[in-house]
Each structure stands twice: as C-alpha cells, then as structure tokens.
Amino acid sequence: MEQDSVRGIPFDTLLPRIRAIVGNTSRETALKRVCAILNESVPHYDWVGFYLVDPPGSRELALGPFVGAPTEHVRIPFGKGVCGRAAEERATIVVQDVTREANYLSCSVNVKSEIVLPLMKGTLLLGELDIDSHTVAAFTDADRAFLTAVCECVADLL
Ligand code: SME
C-alpha cells in the first residue's frame, strides 16, 4: 500500500492505524472508529458506513455504524440500489456519477459518487463498506486498493 501520489493522501499510514483499532476493541466501537478515521483522513470520503447482512446468511442488509448524515436506507434487500447490487454480486461497485445510475438509492442530493466493497470471510458475505462522496468521480484505483485492504482487515473482527 502506498501514498496516493496524485492527491497526497497517506493511505500507507492509515492502514496500520486501522489494523490497530480492529485488534483492540469491541466490534461496534471498532467499526465506528474505522468510519471516523476514514471520514476525517480522506477529504472526499463524506459519508462512511457499514451495512451488515442481517440476519446473518439472509438476503438483507442492515445499516451498522456510520459517520455522516443520517440515511433513511436502514434496511436494503439484496439487488436493490448500489449496496444491494454489491451484495448480490459480492463485488466492489464504483459509481462515478450517481445521477446516471438507475439502480441507486439516494441519501442526499449532495452525494455525487459512491463506492461499495463487500466484506467477505472466505466465500461468506458478512456485509459491506459504503462510502459516498460529494465529488463526481472521486474514487480511483488507489481508493479501491486501499479500501479493499481495509475490508480484509475489518472482516477479521466480524
Ligand atoms: N446509495 C446507496 C444507499 C446507501 S446510502 O448511500 C448511505 C445505494 O444506492 O444502495
């Protein structure tokens, strides 16, 4: 993991901080602190939250710890919206311009782009990391690589 040389974001220093949190506190607190670190440290991460498969093994997501504006989307069935589609496909989805995405659940008119990454334990989907940005096309390959590493680390505590 390296510094994002284009925008000067120190992804390489954030990951060890996130690893330390995940190893040292309860699940709810750890997830909330990971949200807070990401939101505070990366200017284009305006809303950061976790959705967890609830009940485990079902086909529905429940909103977990998050930092940012409250959302009405507290439960999302698989397939619905970007989150539901990422769960269905067990794949990372990046939407660079949410106004051009038909299967999208809007939380705020300020949101312009979004990334959703699956939290996997082996082949089991545990939940997702969802990040919204107020900037169009905010998420690059550097974000994707960094956040994939964050998800691998977070999945260990779920
Ligand atoms: N935009 C998401 C819904 C969750 S909010 O962004 C917090 C979606 O389309 O699934």
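Helices (H or I, at least four residues) and strands (E, at least two) are DSSP runs, numbered from the N terminus. The model shown in these views is predicted, so that local features need pLDDT of at least 70 and side-chain atom pairs count only at pLDDT 80 or more, while totals for chains, interfaces and linings use all residues. Residues are numbered from 1 along each chain as its sequence is written, and side-chain values use heavy atoms, with hydrogens and water left out.

**View 1. Surroundings of Gly 49 in strand 1 (residues 47–53).** Gly 49 counts as buried because its relative accessibility is 0%, where buried means under 20% relative accessible area, exposed over 50%, and partly exposed in between (1.4 Å probe, protein chains only). Leaving aside residues up to four places away in sequence, Gly 49 touches Cys 35, Pro 65, Phe 66, Glu 128, Leu 129 and Asp 130, a contact being heavy atoms within 4.5 Å. From C-alpha to C-alpha, Gly 49 is 17 Å from Ala 91, and the two are 42 residues apart in sequence.

**View 2. Strand 5 (residues 113–121) and its pairing partners, strand 4 and strand 6.** Strand 5 is largely enclosed by the rest of the structure because seven of its nine residues are buried. Two strands pair if DSSP finds at least two bridges between them; strand 4 (residues 93–95) pairs with strand 5 in the antiparallel sense over three bridges, with Ile 93 opposite Val 116 of strand 5. Strand 5 and strand 6 (residues 124–133) also run antiparallel, joined by nine bridges, and Pro 118 stands opposite Glu 128 of strand 6. Two residues lie between the strands in this hairpin, where Gly 122 takes a positive phi near 60 degrees.

**View 3. Packing of helix 3 (residues 81–89).** The buried residues of helix 3 are Gly 81, Val 82, Cys 83, Gly 84, Ala 86 and Ala 87, and they pack against strand 1, strand 2 (60–67), strand 3 (75–77), strand 4, strand 5 and strand 6. Arg 90, which follows helix 3, has a positive phi near 50 degrees.

**View 4. The ligand and its polar contacts.** Residues surrounding the ligand, with a heavy atom within 4 Å of it, include Trp 47, Tyr 51, Tyr 104, Leu 105, Cys 107 and Asp 132. For polar contacts with the ligand, the criterion is a pair of N or O atoms within 3.5 Å. An oxygen atom of the ligand lies 2.8 Å from a polar backbone atom of Cys 83, a nitrogen atom of the ligand is 2.9 Å from an N or O atom in the side chain of Glu 114, and a polar side-chain atom of Asp 130 is 3.4 Å from a ligand oxygen atom. Taken alone, the ligand exposes 300 Å², of which the protein buries 100%, with accessible areas from the Shrake-Rupley method and a 1.4 Å probe.

Technical notes. Polar contact = N/O pair within 3.5 Å; in protein donor to acceptor, adjacent residues only side chain to side chain.
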